[in-house]
Amino acid sequence: VFDCMAVGSGFAYYSLSSILITQFKEASVGLQLATELGTIALLANIFREMMALLGAPLIRKYFGKLAPISAAGVNSMDVLLPSITPYSGKDMIPVAIFHGILIDMSVPFFVSLFCSL
C-alpha cells in the first residue's frame, strides 16, 4: 500500500519521483525491486501527463474547470498550461501556476515519507 502511495505521490513529476523511489527503496527491498518500482513510477507519471494532455476536454466536461489543473499535477504550471487554459479559462492560470509550484515542493516530502513507511 505504501509503495502505491509513493508512486502516486509523484504527481506527474517523473524526472524526480522515479529516481527518489529507486534510491529510497533500494536499501529495504534490494536493487532489482527498487528499480522495478521506480520504472512503475516513471510510467505512471508519464501516463498521467498524457491523460491530462489528451483528456482535458472530457475531464473539464465531467468534473469541472479545476479538474484539468488537478489532473495535470506538477505540469499544470509549465508543460500542460497551454492545453488546460482553453478548458479551465484564462482566469485559472494563476491557480494552475500556484498549484504546480505547491505540488512541486511537496513531491520530495511525500515520496520520501511513503518510501520510509
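Here are some notes on the packing and surface of this predicted model.

1. Ground rules. Residues are numbered from 1 along each chain as its sequence is written, and side-chain values use heavy atoms, with hydrogens and water left out. Since the model is predicted, local features need pLDDT of at least 70 and side-chain atom pairs count only at pLDDT 80 or more, while totals for chains, interfaces and linings use all residues.

2. The main core. The largest nonpolar core (buried Ala, Val, Leu, Ile, Met, Phe, Trp, Tyr and Cys residues joined through side-chain atoms within 4.5 Å) has 12 residues, among them Ala-6, Leu-20, Leu-37, Ile-103 and Phe-114. Two or more residues each come from α1, α2, α3 (31-54) and α7; helices here are DSSP runs of H or I, at least four residues, numbered from the N terminus. The largest share, five residues, belongs to α7. A second, separate core of six residues includes Ala-56, Ile-69, Leu-81 and Ala-96.

3. Ile-103. Apart from neighbours within four places in sequence, Ile-103 is in contact (heavy atoms within 4.5 Å) with Phe-11, Gly-73 and Val-74.

4. Helix α2. With 16 residues, α2 spans 21 Å from first C-alpha to last, close to the 22 Å expected at 1.5 Å a residue (1.5 Å times one less than the number of residues). Ser-17, Ser-18, Leu-20, Ile-21, Thr-22 and Lys-25 are its buried residues, and they pack against α1, α3 and α7. Just past the helix, Gly-30 has a positive phi of about 100°.

5. Lys-25. This one made me look twice: is Lys-25, in α2, buried or exposed? Its relative accessible area is 6%, so Lys-25 counts as buried (under 20%; exposed is over 50%, partly exposed in between, with a 1.4 Å probe and protein chains only). Not counting residues up to four places away in sequence, Lys-25 touches Asp-3, Gly-30, Ala-34, Leu-37 and Cys-115.

6. The surface patch. Val-1, Phe-2, Met-5, Phe-109, Leu-113 and Leu-117 make a nonpolar patch with about 590 Å² of accessible area together (Shrake-Rupley method, 1.4 Å probe, with only the protein chains shown counting as cover for residues). Patch members have over 30% relative accessible area and no salt bridge, with nonpolar side chains joined within 5 Å and like charges within 9 Å; a salt bridge is a Lys or Arg side-chain nitrogen within 4 Å of an Asp or Glu carboxyl oxygen. Both α1 (2-8) and α7 (93-116) give two or more residues to the patch. Leu-113, found in α7, is partly exposed because its relative accessibility is 32%.
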